[in-house]
Amino acid sequence: MPRVQGEANVTWEGNVARGSGAITAGTGAFDALPYSLATRIERAAEKTSPEELLAAAHAACFAMSVASELTSAGTPPEHLDITATVTLDQVEDGSHRIVSSELLARARVTGLDAAGFERLAQAASEGCTLSKLIEASAKVTVNARLEGGTDGD
Amino acid sequence: MATDRKAEVTWQGDLMSGTGRIDSVTSGAVGGLKVSWPARSEEPGGMTSPEELIAAAHATCFSMALSNGLAQAGHSPEELKTPRP
């Protein structure tokens, strides 16, 4: 794999409690997305946050890993729906930490059973660079569900 | 109190030739952002990537922490800015 770099630029005005910032992607994919502390920990109110951007990074990374695992297994996906939910919580010493990222993969795949998909989804998280990064200090969980099958839970 | 933030991505096809899309996030601040493996590993062509999104997550988190640290040292910032290359 080549060396990959991502870059983002922010501006922040005012103090941490009442100030606000804006974030712009190096690629230009998004521009001046607003964020603030109040919307980070309370209602999101159309402003993004570090945890939301991490969830987006993790979901995008995991989607690519699942597609790769399924293709390597000879059962490329027709369609994948991936959700990542990142949780920020107060820990014992009173500080805030990202404590978990919960992944859910739902897939339409021909020629694969539920147990096989669960195994491949688990392997996909193990191969996902963002799962590796998050696992250094938080818990990553993987849930996998085939769509259109009879295993629907 | 725990805070949850969610992102939803759809993906069509295999890794090398398929494409994905960040359809929605909790806040609604972004939607419809495309991703692909060639864009992630070679030329982005205006597409975001996991690495760019984590750079964005880190920059937003750090700016709040820096603002807080400066304020506690008695020097509340008027503006913090990362220079454009």
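**Figure 1. The hairpin of E1(A) and E2(A) in this predicted model.** Let's start where strand E1 (8-13) and strand E2 (20-25) of chain A pair in the antiparallel sense, over 6 bridges. Find A:Thr11 and look across to E2(A): the residue standing opposite is A:Ala22. The two strands are linked as a hairpin with 6 residues between them, and in the turn A:Gly14 has a positive phi of about 90°. The side chains along E1(A) alternate between two faces. A:Ala8, A:Val10 and A:Trp12 point to one face and are buried, whereas A:Asn9, A:Thr11 and A:Glu13 point to the other and are not.

**Figure 2. E1(A) also pairs with a strand of chain B.** Here the partner of E1(A) is strand E4 of chain B, residues 79-81. These two strands run antiparallel and are joined by 3 bridges. A handy pair to pick out is A:Trp12 with its bridge partner in E4(B), B:Leu80. You have met A:Trp12 already, as one of the buried residues of E1(A).

**Figure 3. Strand E4 of chain A meets strand E1 of chain B.** E4(A) spans residues 79-90, and E1(B) covers residues 3-12. Their pairing is antiparallel and extends over 9 bridges. To get your bearings, look for two alanines: A:Ala84 has B:Ala7 as its bridge partner in E1(B).

**Figure 4. A hairpin and a further strand pairing in chain B.** Follow E1(B) to strand E2 of chain B, residues 19-25, with which E1(B) forms 6 antiparallel bridges. One of the bridge pairs is B:Gln12 with B:Thr19 in E2(B). The hairpin of E1(B) and E2(B) has 6 residues between the strands, and B:Gly13 takes a positive phi near 95° there. E2(B) pairs in turn with strand E3 of chain B, residues 33-35, again in the antiparallel sense, this time over 3 bridges. Within that pairing, B:Ile22 stands opposite B:Leu33 of E3(B).

**Figure 5. Helix H2 of chain A and the glycine that follows.** H2(A) runs from residue 50 to residue 72. Its 23 residues reach 33 Å from the first C-alpha to the last, close to the 33 Å expected at 1.5 Å a residue. Of these 23 residues 21 are buried, so H2(A) is largely enclosed by the rest of the structure. While you trace side chains along the helix, remember that an α-helix has 3.6 residues a turn, so residues three or four places apart point the same way. After H2(A) comes A:Gly74, with a positive phi near 85°.

**Figure 6. B:Ser67 and its neighbours in both chains.** B:Ser67 is found in helix H2 of chain B, residues 50-72. Is B:Ser67 buried or exposed? B:Ser67 counts as buried, because it has 23 C-beta neighbours inside 10 Å, and 20 are enough for that label. Leaving aside residues up to four places away in sequence, B:Ser67 touches A:Trp12, A:Asn15, A:Val16 and A:Gly19 from chain A, along with B:Pro77 and B:Leu80 from chain B. Between B:Ser67 and B:Pro77 there are 6.3 Å in space, C-alpha to C-alpha, and they are 10 residues apart in sequence. Two of these neighbours, A:Trp12 and B:Leu80, are the bridge partners from Figure 2.

**Figure 7. The side of chain A that touches chain B.** The contact takes 63 residues from chain A and 55 residues from chain B. On chain A, E1, E2, E3 (33-35), H1 (37-41), H2 and E4 each supply at least two residues of this side. H2(A) gives the largest share, 16 residues. By residue type, the side of chain A that touches chain B divides into 37 nonpolar, 18 polar and 8 charged residues.

**Figure 8. Chain A as a whole, with its domains and model confidence.** Stepping back from the close-ups, chain A has 4 helices and 6 strands, in the order β-β-β-α-α-β-β-α-α-β along the sequence. Chain A is divided into domain 1 (8-41) and domain 2 (50-146), with 26 Å between their centres, taken over C-alpha atoms. Buried residues make up 44% of the 153 residues in chain A. The mean pLDDT of chain A is 92, and 95% of its residues reach 70 or more. Please read residues 149-153 with care: the pLDDT there is below 50, and the stretch has 4 contacts in the model beyond near neighbours in sequence.

Definitions and conventions. Residues are numbered from 1 along each chain as its sequence is written. Chains are lettered from A and ligands numbered from 1 in the order in which they are written. This is a predicted model: local features need pLDDT of at least 70, side-chain atom pairs count only at pLDDT 80 or more; totals for chains, interfaces and linings use all residues. Two residues are in contact if their C-beta atoms, placed from the backbone, lie within 7 Å. Ala, Val, Leu, Ile, Met, Phe, Trp, Tyr, Cys and Pro count as nonpolar, Asp, Glu, Lys and Arg as charged, and the others, Gly among them, as polar. Two strands pair if DSSP finds at least two bridges between them. A residue is buried if 20 or more other C-beta atoms lie within 10 Å of its own, exposed if 12 or fewer, and partly exposed in between; C-beta atoms are placed from the backbone. Domain bounds come from an automatic or database domain assignment. pLDDT is the predictor's confidence in each residue, from 0 to 100. The expected span of a helix is 1.5 Å times one less than its number of residues.
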